[in-house]
Amino acid sequence: MFENQSDEFYMLEAIKEAKKAEKLEEVPIGAVIVLHGEIIARAHNLRETNQSAVSHAELLAIDRACAAVGSWRLEEAELFVTLEPCAMCAGAIILSRIKRVVYGAADPKGGCAGTFMNLLQDERFNHQSEVVAGVLESTCGQLLTDFFRSVRERKKAEKLKRKQELSAETEFGSD
């Protein structure tokens, strides 16, 4: 099914990163970059923590990998990420010349590795990446489903609490 069994191993490492993001109440997306069988960079989403639109797991991992190898070219590297890369991340993958991208869950609303569009294999660019989709897909997808369910439940509880507080103030104020 997958190019090799190590895809699952490295995706499990990306999932560990996603769980770190979740603990920070960040969208649970994690990424690792592998070069010659060795993980050279790890990252997870930090958009809320950094208040930065560009603090996606893939971008942070690419930046760390470039620092690790001392070059912006990651021509032999493989990126493992729990969610299909967006347009911004796909652009960085192309520009850094990552050889292979392996992702878990598809993103039908913004995935740019084959679901919504496929920037990573568009021959109009000077570089294309091999793409492997669906590695540990259900595990990666469940992380996101559970996270967003929790966010909705928390918002609903906060709304109910505000409504109760407002009702109590109104009731208390009418005496």
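## A first look: E76 and K99

Is E76 buried, partly exposed or exposed? In this predicted model, E76 comes out as partly exposed, with a relative accessible area of 44%. Its partner in a salt bridge is K99, and the closest N and O atoms of the two are 3.6 Å apart. K99 sits in the loop between helix 4 and strand 4, while E76 sits in the loop between helix 3 and strand 3, so the pair ties together parts that are 23 residues apart in sequence. K99 is partly exposed as well, at a relative accessible area of 42%.

R73 is another residue in the loop between helix 3 (57-69) and strand 3. Its relative accessibility of 42% makes R73 partly exposed. Setting aside residues up to four places away in sequence, R73 touches S96 and R97. If you would like a distance to check, the C-alpha atoms of R73 and I62 are 9.9 Å apart, with the two positions 11 residues apart in sequence.

## Salt bridges

The structure holds nine salt bridges. One of them joins D7 to R100, with 2.7 Å between the closest N and O atoms. Since D7 belongs to helix 1 and R100 to strand 4, this pair ties together parts that are 93 residues apart in sequence. How accessible are the two partners? D7 is buried, at 0% relative accessibility, and R100 is buried too, at 3%.

A salt bridge within a single helix is found between E13 and K16, at 2.9 Å from N to O. Both residues lie in helix 1, three residues apart, which is about one turn of the helix. In general, an α-helix has 3.6 residues a turn, so residues three or four places apart point the same way. E13 counts as buried at 9% relative accessibility, whereas K16 is partly exposed, with a relative accessible area of 47%. To return to the K99 and E76 pair, its two loops are tied together across 23 residues of sequence. Elsewhere, salt bridges with shared partners join D7, E78, R100 and E130 into one network.

## Helices 1 and 4

Helix 1 covers residues 6-23, 18 in number, and spans 26 Å from its first C-alpha to its last, close to the 26 Å expected at 1.5 Å a residue. Its buried residues include D7, Y10, M11, E13, A14, I15, E17, A18 and A21. After this helix comes E25, which has a positive phi near 60°.

Helix 4 takes in residues 87-96, with C89, A90, A92, I93, I94 and S96 buried. Helix 3, strand 3 and strand 4 (100-105) are among the elements that cover these buried residues. R97 follows helix 4 and has a positive phi, near 65°.

## Strand 1 and its partners

Strand 1 (residues 30-35) is mostly covered: six of its six residues are buried. G30, V32 and V34 point one way, and A31, I33 and L35 point the other way.

Strand 1 pairs with strand 2 (residues 38-44) in the antiparallel sense, over six bridges. L35 stands opposite E38 of strand 2. The two strands make a hairpin with two residues between them, and H36 in the turn has a positive phi of about 50°. Strand 1 also runs antiparallel to strand 3, joined to it by five bridges. Here A31 has V81 as its bridge partner.

## Inside the core

Which residues touch the most other members of the largest nonpolar core? They are I33, I62, I98 and L120, in a core of 52 residues. Helix 3 gives the most to this core, with seven residues. As a general point, nonpolar side chains tend to be buried together in soluble globular proteins. Leaving aside neighbours within four places in sequence, the contacts of I33 include I62 and I98, along with E38, I39, I40, A41, A61, A65, A77, E78 and L79.

T82 gives a view from strand 3 (residues 77-83). T82 is buried, with a relative accessible area of 1%. Not counting neighbours within four places in sequence, T82 is in contact with M11, A14, I15 and A18, with P28, I29 and G30, and with G104, A105 and C140.

Methods: Residues are numbered from 1 along each chain as its sequence is written. This is a predicted model: local features need pLDDT of at least 70, side-chain atom pairs count only at pLDDT 80 or more; totals for chains, interfaces and linings use all residues. Side-chain values use heavy atoms; hydrogens and water are left out. Helices (H or I, at least four residues) and strands (E, at least two) are DSSP runs, numbered from the N terminus. Buried means under 20% relative accessible area, exposed over 50%, partly exposed in between (1.4 Å probe, protein chains only). Contact means heavy atoms within 4.5 Å. The expected span of a helix is 1.5 Å times one less than its number of residues. A salt bridge is a side-chain nitrogen of Lys or Arg within 4 Å of a carboxyl oxygen of Asp or Glu. A nonpolar core is a set of buried Ala, Val, Leu, Ile, Met, Phe, Trp, Tyr and Cys residues joined through side-chain atoms within 4.5 Å. Two strands pair if DSSP finds at least two bridges between them.
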